[in-house]
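Trainee: Please give me a close look at one part of this structure, the nonpolar patch on its surface, and then set that part within the whole chain.

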Amino acid sequence: MLRSPVLVARRCYSAGSHPPPPQGGPPSQPPYWGTPLNDPYNSPPPMRQPKSASDYIKKPPINKGVCIVPQGELWVIERLGRYSKTLEPGLAFLVPFVDRISYVHSSKEQTQEIPNQSAITKDNVVVNIDGILFMKIDNAERASYNVENPIHSLLNVAQTTMRSEIGKLTLDRLFAERAELNVNIRAAIAIDAESWGIQCKRYEIRDIQVSDTVRKSMDLQAEADRKRRKNVLESEGDRDAMTNRAAGEQKAKELLAEAERVVTVKQAEGEASKMKLISEAQADAIRIVATTIKNNANSEEAMKLEVAKKYIESFGNIAKETNTVVLPSNLQDPSAMITSAMSVYAAVNKGTPISPSPLPFTADAGEKEPEAPGAATQAWTPEMPFPPPPLQ
């Protein structure tokens, strides 16, 4: 019997697979997505429906006396309506019409999806969240008689526990403390699962979704936080730079002051050493001159020559620094000046007063003031300044 391509496509569609395009259809077929729903040739795949409570219960087989339990399953046997034993994988013999296979459980670790659900955080933000529960039935008797449909009941407990734990956290902490949230949910589920003969291995949150308004506000908050961190880092950088510059300037001033102090000390030490050397040289020169004068009989003539030499050198520097100078009265007679100087030297050595030559006067450079006739003189002693002032 020949079947039409449309019937074949509909049967494939009802089985959950994409229907192949039938023979003799249109030459060019559009893709599945975006096509009208009433198109018999192309239809979108069916939406996956959530599991019902009956989907988690396995149908037990019929007791035929000789049973073979597959690997990874546990069979709960009732005898005359009462729990008798649990069959493990392998060959087993049962009494027909007396023993009945009541429940069949999987002993393998199972992965159960927690359906997507909405929850409200501590700061009143609605989020959509789903997760995955890893579990294993380790006691078939408890799973059969302590609760009806243990897997479905455990998933409901996981949903309510997840809502409760999310209500304790704010939105920011919900994203930051996902690992802690998983641990808390698993610990809360494990209390009920233990009495139901189920072992909870792990719980993981798979996805957290928020509304577009909340997402935009989170983006603005993240951008503001990034700008704040940028400003803080820039201000801290400026502060550190100013601190470093101030510390550098302070260190530079301290080093400069220390250098100036060292230079001043060194200059003072140099000046002191210089003055000491000059005074020692002058003392040696005076000592040598005194010794020479004392031991040489002709030293007086040499002294006269030296005095005349100094007198001429000093007279050549007159009126270089100022216009007012003090000139001796006998300026044109150097011999008289030498005689006066020698008489002063002799008076100093003997300790007796002398009468110097006529007194000097004050006049401008290049001019001479005439002497007052009959001016009186005063005897000069070593305690008086040289030359002595005139007597009126």
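**The patch and its surroundings**

Mentor: Happy to! Let's begin with Ile68, which is found in strand β1 (strands are DSSP runs of E with at least two residues, helices runs of H or I with at least four, both numbered from the N terminus). The model is a predicted one, in which local features need pLDDT of at least 70 and side-chain atom pairs count only at pLDDT 80 or more, while totals for chains, interfaces and linings use all residues. Residues are numbered from 1 along each chain as its sequence is written, and side-chain values use heavy atoms, leaving out hydrogens and water.

Ile68 counts as exposed because its relative accessibility is 63% (exposed is over 50%, buried under 20% and partly exposed in between, with a 1.4 Å probe and protein chains only). Together with Val66, Leu91 and Phe93, Ile68 forms a nonpolar patch on the surface, and the four have about 470 Å² of accessible area together. Patch members have over 30% relative accessible area and no salt bridge (a side-chain nitrogen of Lys or Arg within 4 Å of a carboxyl oxygen of Asp or Glu); nonpolar side chains (Val, Leu, Ile, Met, Phe, Trp, Tyr) are joined within 5 Å, like charges within 9 Å. β1 (66-69) and β4 (90-93) each supply at least two residues of the patch.

For contrast, turn to Asn182 in helix α5 (residues 178-195). Asn182 has 8% relative accessibility, so this residue counts as buried. Leaving aside residues up to four places away in sequence, Asn182 touches Tyr203, Glu204 and Ile205 (contact means heavy atoms within 4.5 Å).

Strand β8 (198-210) is an edge of an open sheet, so let me define pairing: two strands pair if DSSP finds at least two bridges between them. The sheet has three strands in the order β6-β7-β8, with antiparallel pairing. Its edge strands, β6 (110-120) and β8, each pair on one side only, and the twist averages 20 degrees from one strand to the next. β7 (residues 126-137) is joined to β8 by 11 bridges, and Asp130 stands opposite Asp207 in β8. Helix α3 (residues 150-166) lies across β6, β7 and β8, at about 35 degrees to β6 (angles run from 0 to 180 degrees between N-to-C directions of lines fitted to C-alpha atoms, for helices over the stretch in contact).

Now the whole chain: it has eight helices and 10 strands, and 26% of its 392 residues are buried. Its accessible surface comes to about 27,600 Å², with 56% belonging to carbon and sulfur atoms (Shrake-Rupley method, 1.4 Å probe; for residues, only the protein chains shown count as cover).
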